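Here are my notes on this one, jotted down while clicking through it. Have the viewer open as you read.

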Amino acid sequence: MNYKLINLKVFGDERGHLISFQKDNNCPFDIKRSFYIFDTKPGVVRGSHANKHSQFLLIAINGSCKIKIDNGSGKIENIILNDPHKALWIDKMIWKEMYDFSYNAILLVLTNTLYDENEYIRNYEEYKNIIQGDNERTN
Ligand code: TYD
């Protein structure tokens, strides 16, 4: 499964804490874009897509949420993010859903691409077909 929970390197001293991200320092890719998700309403599921080129690093910098990750070949994991010292790296071509946001959740997202709607696969059946095709070609 192409995901990894990363324990972030923290600069901490008597003043408090600071966590920084750059390629090969708390983040495995070159960062081209960042955004954060906040004020998410109860019961909402965000995401529900796979990306052809984007890798993501997700950090719950406040509150908590859950991430469902699905590799399209039957492997599904549900991860809780509730600690700003940890980041979840998700590779490209992984189906993901974000849900169960706490009322105060702020989810920071870093990625290696500029925004391009054309690299989004938003239909699960289409995603499964692409993965199945890839698997058949490599077997
Ligand atoms: P959307 O993909 O629905 O967010 P999520 O995956 O969290 O459910 O994006 C919501 C809107 O924001 C949509 O109109 C596209 C826009 N958007 C950008 O313009 N740039 C970005 O980097 C992102 C992530 C979204």
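1. Let's begin with a charged pair. Lys 23 and Asp 24 form a salt bridge, with their closest N and O atoms 3.5 Å apart. Keep in mind that this is a predicted model, so every distance here is computed from predicted coordinates. Lys 23 counts as partly exposed because its relative accessibility is 40%, while Asp 24, at 62%, counts as exposed.

2. The structure has seven salt bridges. Another of them joins the side chains of Lys 41 and Asp 39, at 3.2 Å from N to O. Lys 41 is partly exposed, its relative accessible area being 46%. Glu 117 and Arg 122 also meet through their side chains in a salt bridge, this time at 2.7 Å. Glu 117 is partly exposed at 36%, and Arg 122 is partly exposed at 44%. As background, side chains of opposite charge can pair when their charged atoms come close.

3. Arg 122 turns up again at the ligand. A polar atom of the Arg 122 side chain lies 2.9 Å from a ligand oxygen. Which other residues surround the ligand? Besides Arg 122, the list has Arg 33, Phe 35, Ile 37, Arg 46, Gly 47, His 49, Met 98, Tyr 115 and Tyr 120. Gly 47 contributes through its backbone, where an N or O atom sits 2.9 Å from an oxygen of the ligand. His 49 uses its side chain instead, with an N or O atom 2.5 Å from a ligand oxygen.

4. Please have a look at Lys 96, in strand S12 (residues 95–99). Lys 96 is buried but has no salt bridge. How far away is the nearest side chain of opposite charge? That side chain belongs to Glu 119, and the gap is 7.7 Å; a salt bridge needs the nitrogen and oxygen within 4 Å, so this pair does not qualify. What Lys 96 does have is a backbone partner: a polar atom of its side chain is 3.3 Å from the backbone oxygen of Ile 94. Beyond its sequence neighbours within four places, Lys 96 is in contact with residues including Arg 46, Gly 47, Ser 48, His 49 and Phe 56. Gly 47 and His 49 are also among the residues around the ligand.

5. Asp 70, in strand S9, makes a good companion case. Asp 70 is buried and lacks a salt bridge, the nearest side chain of opposite charge being Lys 68 at 5.5 Å. The Asp 70 side chain reaches a backbone nitrogen, that of Gly 72, at 2.7 Å.

6. On to the nonpolar interior. The largest nonpolar core has 17 residues, and Leu 58, Ile 67 and Leu 107 touch the most other members. Strands S8 (56–62), S9 (65–70), S10 (76–81), S11 (86–90) and S13 (106–111) each provide at least two residues of this core. A second, separate core has ten residues, including Ile 6, Phe 29, Trp 89 and Leu 108. In soluble globular proteins, nonpolar side chains tend to be buried together.

7. Ile 67 deserves a click of its own. Setting aside neighbours within four places in sequence, Ile 67 is in contact with residues including Leu 58, Ile 79, Leu 88, Met 98, Tyr 99 and Leu 107. Ile 79 is found in strand S10 and counts as buried because its relative accessible area is 10%. Ile 79 and Lys 66 are 13 residues apart in sequence, yet their C-alpha atoms are 5.5 Å apart. With the same neighbours left out, Ile 79 is in contact with Tyr 3, Leu 5, Cys 65, Lys 66, Ile 67, Ile 69 and Leu 88.

8. Is Phe 56 buried or exposed? Phe 56, in strand S8, is buried, as its relative accessible area is 3%. Its contacts beyond four places in sequence include Phe 29, Phe 35, Trp 89, Lys 96 and Val 109. Phe 29 and Trp 89 are members of the second core, and Phe 35 is one of the residues surrounding the ligand.

9. Last, a loop residue. Gly 43 lies between strand S6 (33–38) and strand S7 (46–51) and counts as exposed because its relative accessibility is 78%. Gly 43 and Phe 101 are 58 residues apart in sequence and 8.0 Å apart in space, C-alpha to C-alpha.

How values were computed
Residues numbered from 1 in each chain as written. Predicted model: local features only at pLDDT ≥ 70, side-chain atom pairs only at ≥ 80, totals over all residues. Heavy atoms only, no water. Core = buried A, V, L, I, M, F, W, Y, C linked by side-chain atoms within 4.5 Å. Buried < 20%, exposed > 50% of the residue type's maximum accessible area, 1.4 Å probe, protein only. Helix = DSSP H or I, 4+ residues; strand = E, 2+ residues; numbered from the N terminus. Contact = heavy atoms within 4.5 Å. Lys, Arg positive; Asp, Glu negative; His and termini not counted. Polar contact = N/O pair within 3.5 Å; in protein donor to acceptor, adjacent residues only side chain to side chain. Near = heavy atom within 4 Å.
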